[in-house]
Structure formats: structure tokens, C-alpha cells
Amino acid sequence: MEALDLARWQFGITTVYHFLFVPLTIGGAFFVAAFQTAWVRTGNVKYLQLTKFFGKLFLINFAMGLVTGIVQEFQFGMNWSVYSRFVGDVFGAPLAMEGLLAFFMESVFLGLWIFGWDRLPKGIHLATIWAAAIGTLASAYFILAANSWMQHPVGYLIDDETGRAVLNDIGAVLFQDTAVVTFFHTMFASFMTAGAAVAAVAGYKMVKGRQINVFRPAVKSASIVMIVAAVGLSITGDMTSKIMVEQQPMKMAAAEGLYETESQAPFSILTIGEINGNSADCVLCVPGLLSFLATGSFDGEVQGINDIQAEYEQRFGAGVDYRPIVPVTYWSFRLMIGLGLLGALFGMWSLWRYRGDRTPNSNGRMGKFYVLAATTVVLAPLAANSAGWIFTEMGRQPWVVFGEQLTSAGVSPLVSPLEVWISLIGFTVVYAVLAFIEVKLLLYYIRKGALERDELVEDPYADAVAAENSDDDDRTLYFAY
Amino acid sequence: MDLVTFWFILIAVLWVGYFVLDGFDQGVGILLPFIGTDDLRRRVMINTVGPVWDGNEVWLLVAGGATFAAFPLWYATMFSGFYLALFIILLALILRGVAFEFRGKRDSDRWRANWDRAIFIGSVVPATLFGVAFGNVVGGSPISPIETTLPTGTANDLNFTGSFFDLLNPFSLLLGVMTLLVFTTHGAIFLALKTRGEVRTAARQAALRVGVAAAVVAVGALLWAQAFSGRVAVTLPMVLLAAVAFLGALAATLRNRDGWAFILTSVTIALAVSSLFVGMYPNVMVSSIDEAFNLTVFNASSQEYALMIMTWVAVIMTPVVLVYQGWTYWVFRKRISTSMIPPHPPTGRADDRYTGRVSS
């Protein structure tokens, strides 16, 4: 393989892997913050139990998101140096802002939250987790604005002499419709993912009959979050596809494997045979649905891949295949939608199952099935997120910056295939080992369950203040690594 | 002052911040197997940096991001050129970060020993390789023009044309040894400042022992660096001042003035790093092939509008960040000792159930 292909694989693997942790971190931070808020406001210890329990799972996940994120900041320069030179003036700005406005907030305030239980008054300690949560949102916004610029470059011009993109409108880069809609879409996905994790874990504990009253509010709130997120995902997903048709028609056509321009274009749920260009045998088709998704009308005309190829050849020059790999876009698009919304069903079931104060007998078949569903529901949004990113990035190919730079043109010219092999294998192996360790740790803490009431100190800060007033220099720390 | 110079200074400040802050927690990691002779001591050490290491490391990320935004050609040439070195640094940082968080999550000696190893390696590697990398930036590395898909005849063409082994030249390696030893001393002094009892005693000893070696290597390396300095009249006094500050830090350690010692090693690092930046300005990457191939603040930078936007962001946000990060250090200002570390939880129980009151 050439360095280009290896670099693409590396970026794909490291980014998809990184994004397993990101949505859990974003959504998880808000769940933990919400549980802690409920505790501070009501004084009900079960919310503290939830805060501690999910807080621990959250931190295990956060550590992984953090360290894999470091790679992201540097690999543009490492593997994509020509891309970096071309876009730095524009693309670097949101990245630097992310560091200054978001990374510091997340990291510093999480440090305060983890170790600050006995050093900060309750209210201020609560504020630190909220600050960290807001930091994760800010981080997501900037990085999605940067990615949106690659999908739909705006607010720049090309310098005549250097041929590089030059920023001339930061507002356009940060607030273009692509960025705003993508942000909301990704946030709903994050809340779906984290909601699924919380609901599934809490639901599992309920089935096991452990700490039922502690986990009941968690399963209920997370179920509601999932249902709301599903609605939000559908609305923003719809908006995204309409923007996509306008800005990257090829991607939308490739999502359906639509080769010829059609009005009343159908949306196939299942296709057999190859999606190779000429005919795909649609097994289950909804007539007009693609037209509706793309244009808002069931009769709307949707351009096919072949027409768009011809059009792009005129716009951007002949001799380039402007088609993405259609089976990849076709299936990733379906996986995203199919798996992304699955959580809502589980949410409804959970709400029904545990309505009021009910706790159905879990020894029967339903209990087993519920556990199976819970396990699936944790994985489904994670897979959907990956599929969504694979779709949006692979669907943009052959461009790295749509209409401006081909991916093949952006790669580092002198980084050898051997070097990329080394880093590709290195990252992949380390990531795989860490994934194994992380999952084991998470399962361990899930099985262990929440702390019992008598195991918790409700006001460690008051204890610490009392110890200090009595000159007890050797007070045992409330929390230590 | 023009914007590119402002950004050059700002990036220098970010690196200074990174080396001063992450420098000490790397130092603590390096000392872990030496001072941390038992688990309790190791936990004291790890907990001195526990609440702050993550925020410290963000300085590196922001330095990277700011370089990308302000000097894209610098970012692109340096990171693609130093590819394998950076890859190794990234792996080390990954292991170290996870190790801090995961080490206490299971009660098993083997588990902890493995993560201790990760912390040690994850600290030694960046502490050394960042020095090596800076040696190559300042001392020069094989950079020459090659054609890419961007219009040629501009600084677009300037690429690192050497190999990994070109990075391992004597000057850069010496700089690597210097950062390793200086950060270790800095970490030992931080440890002395943040602990009481046996760990503090051991840390002070380590600071003095490693410090003497660090002083010798640092003076040698930084005097050598004057050969590459464009303004020796400024950088040589800075280096001498750095040396004085460092000796002052050792003297302060001898006299049990941990706070002063820490301030002085921080000043040492700040002066040493600044002297390298001052010496190379306006270059940002020196070519060992031909000085016409140097990347400079002028040919590697973004244009004025982007720099202006980023300047506003930096001017507003940097003080805010400094305030809340500084506050963290205030919150966790207390010294800790082995007697303050809560015991490990028995297997199967959550570890934070142990609190100040559990002793019965």
C-alpha cells in the first residue's frame, strides 16, 4: 500500500476509535452533572449514589477520550502536511480556539471535580462538573465547525501566490448552517449514546434486583433523554440531508446508490446484488422517500451519481473520479439511521416496564430478553456514530476539502509507507489493548454497583474543614488515586 | 510589533508553560521507581500531580493548535518531519494519561506495577524527546524544497528531507538529556514542595543529586546552543541567568525553602526555553542545508486577518485560563504525606468508600 492509503486507514481508525469515547463523554458529563445537581438540591442520597457510580464509569471513559484526542491534534501535521499548509490559515483557528476555550475548561475542572470533594464547598464542587460539561460542548462545537469547513468551505479565499486558503470571514466559518446543524445532530447523537449507556446499565442493575430504588430515576431519565434525542436526531438528520443535497449532491446520491437522476426517487431499505452502478435490485423500497429526504417533496428531483460526475467534471476538471465508494456510503448511511434510533424503542420499553414504582419479576424470559436488549442498545448508538462519520467522511471523497483539495493531494509527501505502517500498527495495537482493559474495567464497576448509603460520606468538605480547625494535619484524603 | 512576532512570542510562552507545568509532572513520573520504593510512597507521588497533570498537558495541545493556526507551514513541516519521534511521544502520552486514571481502579499489585511502568516510560520519553526535537528546530535539520501539489516557488515547498536518524545528532541528543535531567530535578523539587515526611526527604535528596548533573549538562548544552543563536548578546545573559536561577534552586533546596526552589527551577526552564526562541527568531525551523530554506515567522505564517482574530481570542482567554488554572493549584495547595493516603479498597468494593472516618 502507498503512504496515502495507509495514512487514510490510520486517520480512519484513530478517529473512529476516538469518537467511541467522545459522545459518551459529552452526554455522560451532563448526566453526572444532573445527578449531582439533583443531590445538591434535594439532599436525597440516592442521587449521590448515582453521581458516584456513573461518575466513575464516566471518568474511565473520559481518560480514553482524552488520550486518543491528543493524537487528533497532531496527526494533521504528521500525515497530512500539504493539507495542513493549505488549510491552516482557516482550519487552524477553530482548532486553536478549541484548545484555549474548551480543553483547558474540561481538563482543569474535571481535575477539580475528581479530587475536590473535600476541598470545595458543595455548590462550587457542583459547578466544576458543569464547567467541565460545558467545556465538552464547546470542544465539540469548534471541532465540528472545522470539519464542516472541510465539507463546505466558506469564509475564505485562495491566495494567488501561495495557493493556500486564507480566512476572511470567521463568522461564516463558525456559524455556517452546516456547522450549526451538524453540531446539534452530533449533540443529539451524544445524548442518545450516553442515554443508552445510562439506561442500559441502570436497567441491567434493576433486572438483577440490585439497588432498585437508586437506579430507577436513572433508567427513567435516561429513557426520556433517548426518546427526545431520537426526535432531535430525526429533525437534524433531515436538515443535514437537505443541506447536503445543496452542498454535496454527490454524497446524497451515493447514500442511496442513485445513479440516474430521478423524480419520486425511492429510498431502499434493503438491496440485493451489487450496488455497482447500473442497477441495484431493491428488495424493500419506499417510493418517493429519497426525494422527500432530499428535497422535502415526494416528487422532488434528485440528481443521480452519473449526472453529478458529469457536472463535477465541468466544474472541477475532467480526469478525476468524483464518486465515493458507493457500497460504503450506501450501507453506512443505513446503519447510521437504523442503529441510531434503536435506543428510543428501548427507552419506551424501559419507561413502560418501570412505570410508577413497578419492578416486574425479572427471572423470566422477559428479564433475560431485557438484558439482551440493554446490551444491544449500548452498542447500537456507538456503531451508528461510527457509521455516521464513515458516511460523512467517505461520502466527501475524493475530496479532503470539498471542491478545493483532493485527499490524495493533501498527504505528507515525504513520510514513507514504512513510517506510516509503524504508526498505524502502533496506534492500532495500543488502542486495541486499551479497549480491552477499558471494557473490563467498566464491566467490573458496573457489576460492583453503586456505593451503599452507609459507605458514603455526605459532606466531606465539612469534615475537612473540621479537621483543619482542629489542626489535624494528617487527615486522610477523601479521594486519592 | 507585528502580529507574526506577537504569535511567535505567544507560542514561545505556550511552550514555556508546557515545560514548566508538564515538566514537573513528567519529573515526578520519572522519579516514581526511584523515590517510590513502596506503594504508599508511589501513591503520594502520583497524588501530588493527580489533580493537575491533565490541565498541564493541555498547554501542549494549545501550543500545537496555535502553531497550526498561526504558522501552518511550521506545524506541517515539523510534525511531518519529526514523524516517528512525535509518534513515540504520542504513544508515551497516551500510556501515561491512562495510567494515572486507571492505576487505582483495581486492587492488584501486578495491575499497579504495570501502570507504574507506564507512568515512568510515559514520562521519560516525552521529557527526553521534546528536548531532542527542540535541538533539531534550533540547531537545524535537513529542510529543502520539494514540489507538492501546492504552487511551488514559495515556502510551501519546504519539507524535512532527512530521516529519523538525522534527528539524533549530538547537539539534539544533549538537549534531550538536558530536558530529561532538568525536568527530573524540577519534578523532585515540586515533590519536596508538595509532600511531608519520608517522600519529601527522598525528593530533596534526589533534587540535589540529579540537580548537580542537570546543571552541568544544561550549561554545556545551552552554551553549545549559542553557536546557533542569532543574538548571543541577549541569549547568553539569559542562559547565565538561567544557570544562576538553577543553582539558586539547589541552594534553596539545601535550606529547606521548597517554594523558592520551585519558583527558581520554573524560572530556569522559562529562561532556557525563551533563550532558544529568542536565539532563533525570526526563524521557526532552521534548515541545515541552506539558510534560504529556513522557515521563518514571515514565510510560514497565516495572514493578517486570521492572526488578528486569534489575537483577540488569545488576549481575552489566556488570562481567564490562567486564573482558573491558578486557582486549581491554590485549591490543592496542601502538602500530602503517606499517612494521608486512604487504603486500597479490598477487591469487590468501591475504592472511594474509604474516607477519613473509616478506621474502626
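Helices (H or I, at least four residues) and strands (E, at least two) are DSSP runs, numbered from the N terminus. The structure is a predicted model, in which local features need pLDDT of at least 70 and side-chain atom pairs count only at pLDDT 80 or more, while totals for chains, interfaces and linings use all residues. Residues are numbered from 1 along each chain as its sequence is written, and chains are lettered from A and ligands numbered from 1 in the order in which they are written.

**Exercise 1. Unusual backbone places**

Task: Find where A:P398 and B:P282 lie, and state the form of the peptide bond that leads to each.

Solution: Begin with chain A, where A:P398 sits in the loop between helix 13 (365-394) and strand 7 (399-401); the bond that joins A:Q397 to A:P398 is cis, with omega near 10°. Then turn to chain B, where B:P282 belongs to the loop between helix 10 (258-280) and strand 3 (283-285), and the bond from B:Y281 to B:P282 is cis, with omega near 0°. As background, most residues other than glycine have a negative phi, and most peptide bonds are trans.

**Exercise 2. Positive phi and exposure**

Task: Decide whether B:N256 is buried or exposed, and describe its backbone and its place.

Solution: First, B:N256 has a positive phi of about 65°, although it is not a glycine. Next, B:N256 is placed in the loop between helix 9 (232-254) and helix 10 of chain B. Finally, count the C-beta atoms, which are placed from the backbone: a residue is buried if 20 or more others lie within 10 Å of its own, exposed if 12 or fewer, and partly exposed in between. B:N256 has 11 C-beta neighbours inside 10 Å, so it counts as exposed.

**Exercise 3. A residue in helix 11**

Task: Classify A:M336 as buried or exposed, and list the residues that it touches.

Solution: A:M336 is part of helix 11 (residues 326-340) of chain A, and because it has 25 C-beta neighbours inside 10 Å, it counts as buried. For the second part, two residues are in contact if their C-beta atoms, placed from the backbone, lie within 7 Å. Not counting residues up to four places away in sequence, A:M336 touches A:A384, A:A387, A:G388 and A:F391. A:M336 and A:A380 are 44 residues apart in sequence, and their C-alpha atoms are 9.0 Å apart in space.

**Exercise 4. Where the chains meet**

Task: State how many residues each chain gives to the contact, and which helix of chain A gives the most to its side.

Solution: Chain A contributes 75 residues and chain B contributes 78 residues. On the side of chain A that touches chain B, helix 2 (45-79), helix 3, strand 2 (165-167), helix 15 (417-448) and helix 16 (460-469) each supply at least two residues, and helix 3 gives the most, with 25 residues. To sort this side by class, count Ala, Val, Leu, Ile, Met, Phe, Trp, Tyr, Cys and Pro as nonpolar, Asp, Glu, Lys and Arg as charged, and the others, Gly among them, as polar; the result for chain A is 46 nonpolar, 16 polar and 13 charged residues. As one residue to look at, B:V62 touches A:A96, A:G99, A:L100, A:F103 and B:L14, not counting residues up to four places away in sequence.
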